[in-house]
Amino acid sequence: MKTLTLNPISKMNGEVHLPGSKSISNRVLLLAALAEGTTHITNLLDSDDIKHMLNALTALGISYTLSVCRTKCQVQGIGGLFNHPHALTMFLGNAGTAMRPLTAALAASNVDVTLTGEPRMYERPIGHLVDALNQWQADIRYLGNADFPPLQIKGKALSGGKMQIDGSISSQFLTAVLMVAPLLDGDSEIDIIGELVSKPYIDITLALMQRFGVSVQNHDYKRFSIRGKQVYRSPGQWLVEGDASSASYFLAAAAIKGGSIKVTGIGKHAVQGDIHFADALEAMGAKVEWGDDYIMVTRNELNGIDRDYNAIPDAAMTIATTALFAKGPTVIRNVYNWRVKETDRLAAMATELRKVGAEVEEGHDYIKVTPPATLKHASIATYNDHRMAMCFSLVALSDTAVTIEDPDCTAKTFPNYFSLFSQLAG
Ligand SMILES: O=C(O)C1=C[C@@H](OP(=O)(O)O)[C@@H](O)[C@H](O)C1
Ligand SMILES: C=C(OP(=O)(O)O)C(=O)O
C-alpha cells in the first residue's frame, strides 16, 4: 500500500486559494441540470465526488461542457425533472451528496435506474430517505440489505403532499426531498421526526434553491412548506465558494504552527456552516481575522475546549487532531453520525489518536482527547476516509514525523491536498 511520511514541520505560513465546496458543487450541478437556462459555473470542485455527479448527469442525457482544468462547467438545464427512455445503472462511489439528492430526483423522474456505489456506500443508511419518499408513493427497492444502497428506482410523477422524515442521522435526506419538492405537481409539507442534525447544510440547500428562484418556508427546522409546480431558473453565472471543510486543515495548521495562514475563496458571508470551525479555533486561543473573501488564522497558545459540534461534523474532525496541540483535554460532543460516514469516524479517530500517544475516551456520540507530553511516530490507517488522512497531516506539526497510509484517499474531495499542505511548510 502507498504511504506518505511527513517529516516534522517547524513553521506554517502562506496563502491558499481553496478548491470549490463539495456541498455547493454537487448541489449546483443538480439544480443547474433541472433548471431552465444555462448555468456557467466557476471554481467547481474537481474531485471524485463531483465526477460521480457529472457522470450521473451524462448518463441522464444532460448536456454540459467542462473546461480542461475541470473547474469551469457550463450546464444546459432541461427545465424540469429527468426523462430517460432506457434503463440505467449509475455508480456513485461513496458520494453522499450524489447518492441522496439523486435518489429523490430520480424517484420523481421518468427513469428506471439502479444506483450503485463503493462497498462503504452499502453500509451508509438511506432508509430514512426511502421511507419518506414512499409516503409520496415512490417505487424504490433495496437490491441488497434493507435500508441501504444499492437501490433500484422506477421513477414516476409524484404529487408531493405531506411527509414525515427522520432527520436524526443525516440532513442529506431532507436536502434531497427539499430539492425535488418544488418540481412536483402538488404542494408539500415536510415534518421532521427527531432533532435534525447538521442544520447548516439545510441552510446551504435553501440558499441555493433561492438563487435558482424557489423559496421554501422553514418553520424552525421542524416543518418545511414548499409550493409545487414551480420551475428552477438558472441564475446565469455561479461562482462556487471555497470549501470550508477543506479550509479547516490549513486554519488548524496555522493555529498550531503559524505564522499565519490565509485561506481565500470563503469569508464572513459564506453560506457554509463549516466556516464556524474558525470560531472553535478562536475559542481554543488562536487569532482569527475575517474578510469578505478570506479567513486568516495566526498561532497562539491553544487550550482544550468542550463543545457541541453537531452543526459542523466534517470540520469537527480537524478539532480532534488539533487537540493534540492544546493544553488540557478537548471534548467533541454530539457527533453520533460520525459513525455512518466514510468510516466509523468515532472508532477510527480513537484508534489512530491512541497510536500517536493521546489518551482517548470514545463515547456513543462524543470523543474526549487528552494530548500526550510528546507525540509518537505512527503509521496512520485512513480507512478510505479522506478526512482521516487530512486530519492526521497535522501530527507533523510537532517534533515527530507521521506516516499516512493510502494518502490518495483524499481524492474524494481534495486530490492535491498534500502538495498544498507541503507548500506551506518551511
Ligand atoms: O449536505 C451536505 O453537503 C453534507 C451534509 C453533511 O452530512 P450529514 O447531513 O449526513 O451530517 C456532511 O457531513 C457531508 O459531508 C455533506
Ligand atoms: C461525510 C462526508 O461525505 P458525504 O458527502 O459522502 O456524506 C464528508 O465529506 O466528510
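Setting aside neighbours within four places in sequence, lysine 22 is in contact with Leu45, Ser47, Asp49, Thr97, Asp243 and Thr413. The model in which these contacts appear is a predicted one. Lysine 22 belongs to helix α1, and it is buried, with 28 other C-beta atoms within 10 Å. Serine 23 lies in helix α1 as well. With 30 C-beta neighbours inside 10 Å, serine 23 counts as buried, since the threshold is 20 or more. Not counting residues up to four places away in sequence, serine 23 touches Thr97, Tyr201, Ile204 and Gln272. Thr97 thus appears in the contact list of lysine 22 and in that of serine 23.

Helix α1 itself covers residues 22-34, which makes 13 residues. From its first C-alpha to its last it reaches 19 Å, close to the 18 Å expected at 1.5 Å a residue. Because 13 of the 13 residues of α1 are buried, the helix is largely enclosed by the rest of the structure.

The nonpolar interior comes next. The largest nonpolar core has 79 residues, and the members that touch the most other members are Leu31, Ala104, Ala105, Val177 and Val180. Helix α1 gives the most to this core, with eight residues. Alanine 105 is in contact with Leu30, Leu81, Phe82, Met179 and Val180, leaving aside its neighbours within four places in sequence. A second core is separate from this one; it has 71 residues, including Ala280, Ile312, Leu397 and Val402.

Helix α5 spans residues 172-180 and lies across β10, β11 and β13, running at about 165° to β10. These strands belong to an open sheet of four, in the order β10-β11-β13-β12, with mixed pairing. The edges are held by β10 (161-166) and β12 (217-219); each has a single partner strand, so one side of each is left without a neighbour in the sheet. On average, neighbouring strands of the sheet are turned by 15° against each other, direction ignored. Within the sheet, β11 (residues 188-193) and β13 (residues 223-226) run antiparallel and are joined by four bridges. One bridge pairs aspartate 191 with arginine 223 of β13.

The UniProt record, an unreviewed entry, carries "binding site" annotations. One set lists Lys22, Gly96, Arg124, Gln172, Arg345, Arg387 and Lys412. Another covers Lys22, Ser23, Arg27, Ser170, Ser171, Gln172, Ser198, Asp314, Asn337 and Lys341. Where does arginine 124 lie? Arginine 124 is in the loop between β7 (112-116) and α4 (127-134). This residue is buried, having 20 other C-beta atoms within 10 Å, and a count of 20 or more is what the term requires. Apart from neighbours within four places in sequence, arginine 124 is in contact with Gly96 and Val340. Gly96 is itself among the positions that the UniProt entry lists.

Arginine 345 is placed in helix α10, which covers residues 345-355. It is buried, with 25 other C-beta atoms within 10 Å. Not counting residues up to four places away in sequence, arginine 345 touches Met317, Trp338, Arg339 and Asp385.

A few backbone details remain. Most residues other than glycine have a negative phi, and most peptide bonds are trans. Which residues does the cis peptide bond with omega of about 5° join? That bond joins proline 149 and proline 150, and proline 150 sits in the loop between β8 (140-142) and β9 (151-154). The peptide bond from glycine 258 to glycine 259 is also cis, with omega near 10°. Glycine 259 is found in the loop between α7 (244-257) and β15 (260-264).

Arginine 70, although not a glycine, has a positive phi of about 65°. It lies in the loop between β4 (63-66) and β5 (73-76), and with 14 C-beta neighbours inside 10 Å it counts as partly exposed. Glutamine 137 has a positive phi too, near 70°. The place of glutamine 137 is in the loop between α4 and β8. Is glutamine 137 buried or exposed? With 12 other C-beta atoms within 10 Å, glutamine 137 is exposed, because that term applies at 12 or fewer.

Definitions and conventions: Residues are numbered from 1 along each chain as its sequence is written. Chains are lettered from A and ligands numbered from 1 in the order in which they are written. This is a predicted model: local features need pLDDT of at least 70, side-chain atom pairs count only at pLDDT 80 or more; totals for chains, interfaces and linings use all residues. Two strands pair if DSSP finds at least two bridges between them. Helices (H or I, at least four residues) and strands (E, at least two) are DSSP runs, numbered from the N terminus. Axes are lines fitted to C-alpha atoms, for helices over the stretch in contact, and angles run from 0 to 180 degrees between N-to-C directions. Two residues are in contact if their C-beta atoms, placed from the backbone, lie within 7 Å. UniProt positions are given in the numbering used here, feature names are shortened, and annotations may be inferred rather than shown by experiment. The expected span of a helix is 1.5 Å times one less than its number of residues. A nonpolar core is a set of buried Ala, Val, Leu, Ile, Met, Phe, Trp, Tyr and Cys residues joined through C-beta atoms within 7 Å.
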